[in-house]
Amino acid sequence: MIIRGKILTAIFCFICFNAVSQTNRKIYFPLSFYKDSADFEKNIPVLLEQVKPLVDTANPWMYTPFQMANGFIKGDYQTTIQALNIYRKAVPPYYEILFKAYNIQLEAYAKTKLLHAPVETFDVSYTKMLKKIYEDLPEQAQMAVRVIRQITSPKMPVENSDSLTVDGALKLLLYYINEKTGKATNALTEPVISVYESRHHILPGLTSGGKLNPLQEKMDIRHYTLSLDVDIPGKRIAGNAIVKINFLENADTVMLDLVRLMKVSKVTLNNKPVAFEQKDDKIFIAGKAIKGMYEVKIEYSGHPPVAALPPWIGGFSWYKGGKWDNWAIINCQEEGGKIYFPCKDHPSDEADEGVDMFITIPDSLSVAGPGLLQQVKKHNNGKATWHWKTNYTISNYCIVFNVGKYTVVRDEYITVNGNKAPIEFYVSPYDSMYADRVIKTRKFQTRVLEKYFGEYPWIKEKIGIAQTPATGMEHQTMITHGEPLEEMTPLQDVYHNQVFLHEYIHEWWANKISNKDWAHVWIQEGIATYGEALFFREVEGEKGYDSIIQYIRESITDHVPVVQGEGLTMRQAFNDFDNNVYFKGAFFMHTLRYTLGDTVFFPALKKFISDVKHPYSRFFTTEDIERFFSKESGRDLKPLFHFYLYTTNKLDFKINKTSEDSYTVYLSNNPFGLPVDIQTDAGITRMLTTDIEKPFKITSKTIPVIDPGNNLYKTVSFKEQ
Ligand SMILES: [Zn+2]
């Protein structure tokens, strides 16, 4: 999954863009009409009716900052400025905020796209700006924002980079502007719908993993068969799941995870009906001394949870009208497969023998799924059943499908070992003219990634891409991709294709090498993020690699350690999406490379992922990675792993000026013999951190610079005596 903060600017742009294009429409929605938040909520259905004609079904997630900024540069910017000038006359303070936002946006575009500079500065000013917007809202509008926030993200302060809060705040702001100027927009449409839907189909706080339930410790999931009828207008699914389980010890209860929105009507155990109970998003199925291989069949139906912010806050996303008419997509990395099928929702157990999916939809649409398409069976009621099958081990959050009006573009890739892997790209017919370019990019990425991580892992099935209205996710052998395809060029532009690349690296680091517990998710996200730097190393050399590492280093938050314990849920491990597992994890890999040197590091990295002792059905912890690299390097790396991944400590360097041209350097908390460069007037000298555990005397006409290449996670303090 890609980091979440990136979407912020997208939301802002979409709103403003919409406000501009919709000014000729009329709707009046005076917030001051409502007494309090309860009154506001009570009237939501009425409001919904009012705003319905204004709902723009275009999908906001399509508009990334780059694409939108690009749009402004190409010409839309003039229109935007014109509209802003109208606002300026009416409401000067708000104009300033909006205008600044656009400038910041363009600045960020220039920085990231053209100069490869860190976007940190941009993020900080953006967050500040959002806070200001909220504070400047009239009290009634602030109240409405808080109501929305209660449902979407109760723990987050409003100024935090939480997209839904921001979404609500900005839309209310635009509403307010338009009320003042006498012009109306659909500013409140989306937050109102979001509140409305959350009352029905959103299950806040769903997460996967955690401490494994003792009932599930005995169960080894072998295979899932899902047979589901998907009712897109009704936003409903119905059918059954057959779960093949090997019971390792005697069990009297089978426990599977399934959200309460799915109503189970019948359960059989090896074809015999059995008693069951649904409680707390789980099904408890009665049995007696169950041991060995069993098939559990569960018949069920219901409205699956609606995704509040796909792909981050997942569920089903249903689309209506426009380019995505009748599309339905699923994202559930955070929530787990239990949002729509009964499963053992824990990263430590994947379906070893794979999955069969029989998805029934209107016969004018297609299903994109994992593995290989076996058959499309047309029925005489206007429906068709798509059978997808994967024989590979697959994690439960990758057991998903996308329904849409797809065109399939095929090609073939010859792997580094000379094997043929089919390429299948499920693309919207509106974008099929860009398919060749996208496939060409994918082939190039595969070639580079195979160099570092070995052969593409799923050669017996396919290299799959499914275009969706939401942004990308690492769905095994059918990676989703949501950026507008016309923007995807040229091949070398890692920034532009960053999501497309990042999700694909997960085929190696996440889908092949999977974490055993979400506590160790940095193995998936941190190494995938590091992989982006390796890709750029290939394209632009060490300079390109360094520019990505600089961005990674400056994005570290470190509010909590990368590994916070064991038995963590996805939500806990991601620490409410503060992105540290991505950046600190990636920066750790950089320090590891710097410490071990390329001749040890690169072969070891590749060996880990291609080692026959690491089959697809194995799961990994931080300790596994540490032991492997320790063995390959012949050094005990445990203290280094511990320092970087289990603490938030920084190497604490101190420089003391003792007299003219004379200094001591000293490291107060050295965990490990790391190489450290020290720059003096004589040039750069490489030492070991163990050499400076006691004050080390240096003579130099210039103040010594410790680690000028920024290869270490550190602080440096300077004192004159
Ligand atoms: Zn990711």
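Biologist: Starting with β11 and β12, what do they form, and how many residues lie between them?

Modeller: In this predicted model, β11 and β12 form a hairpin with four residues between them, and Gly382 in the turn has a positive phi of about 80°. Helices and strands here are DSSP runs numbered from the N terminus, with H or I over at least four residues for a helix and E over at least two for a strand.

Biologist: How many bridges join β11 to β12, and do they run parallel or antiparallel?

Modeller: Six bridges join β11 to β12, and the two run antiparallel, with Gln375 standing opposite His387 in β12. Two strands count as paired if DSSP finds at least two bridges between them.

Biologist: Before we go on, which cut-offs does the model work with?

Modeller: Because this is a predicted model, local features need pLDDT of at least 70 and side-chain atom pairs count only at pLDDT 80 or more, while totals for chains, interfaces and linings use all residues. Residues are numbered from 1 along each chain as its sequence is written, and side-chain values use heavy atoms, with hydrogens and water left out.

Biologist: Back to the hairpin, then: where does Asn381 lie, and what does its side chain come up against?

Modeller: Asn381 lies in the loop between β11 (372–378) and β12 (383–390), and a polar atom of its side chain is 3.2 Å from the backbone nitrogen of Lys383. A polar contact is a pair of N or O atoms within 3.5 Å; within protein, one must be able to donate a hydrogen and the other to accept it, and residues adjacent in sequence count only if both atoms are side-chain atoms. Asn381 and Pro362, 19 residues apart in sequence, are 8.8 Å apart in space from C-alpha to C-alpha.

Biologist: Changing topic, what is the strand order in the sheet that includes β15?

Modeller: That open sheet has four strands in the order β14-β15-β16-β17, with mixed pairing. Its edge strands, each pairing on one side only, are β14 (407–414) and β17 (479–481), and the twist averages 20° from one strand to the next. Within the sheet, β15 (residues 420–427) and β16 (residues 463–467) pair in the parallel sense over four bridges, where Tyr426 stands opposite Ala466 in β16.

Biologist: And which strands of that sheet does α11 touch?

Modeller: α11 packs on the sheet and touches β14, β15, β16 and β17, and its direction makes about 30° with that of β14. Contact means heavy atoms within 4.5 Å, and the angles run from 0 to 180 degrees between N-to-C directions, using lines fitted to C-alpha atoms, for helices over the stretch in contact.

Biologist: What is the span of α11, and which of its residues are buried?

Modeller: Helix α11 (residues 435–453) has 19 residues and reaches 26 Å from its first C-alpha to its last, close to the 27 Å expected at 1.5 Å a residue; the expected span is 1.5 Å times one less than the number of residues. Its buried residues include Ala435, Val438, Ile439, Arg442 and Phe453, where buried means under 20% relative accessible area, exposed over 50% and partly exposed in between, with a 1.4 Å probe and protein chains only. After α11 comes Gly454, whose phi is positive, near 85°.

Biologist: What about the other side of α11, where is Pro429 found, and what does it touch?

Modeller: Pro429 is found in the loop between β15 and α11, and it counts as partly exposed because its relative accessibility is 36%. Not counting residues up to four places away in sequence, Pro429 touches Lys405 and Thr407; Thr407 is 22 residues away in sequence, with 5.5 Å between the two C-alpha atoms.

Biologist: Now a charged one: why does Arg593 count as buried?

Modeller: Arg593 counts as buried because its relative accessibility is 8%. It sits in helix α15 (residues 580–596), and, leaving aside neighbours within four places in sequence, Arg593 is in contact with residues including Tyr530, Glu542, Asp598 and Phe602.

Biologist: Last one, how many helices and strands does the protein chain have, and what share of it is buried?

Modeller: The protein chain comes to 18 helices and 26 strands, and buried residues make up 60% of its 721 residues. Among its contacts between residues at least 6 apart in sequence, 71% join residues at least 24 apart.
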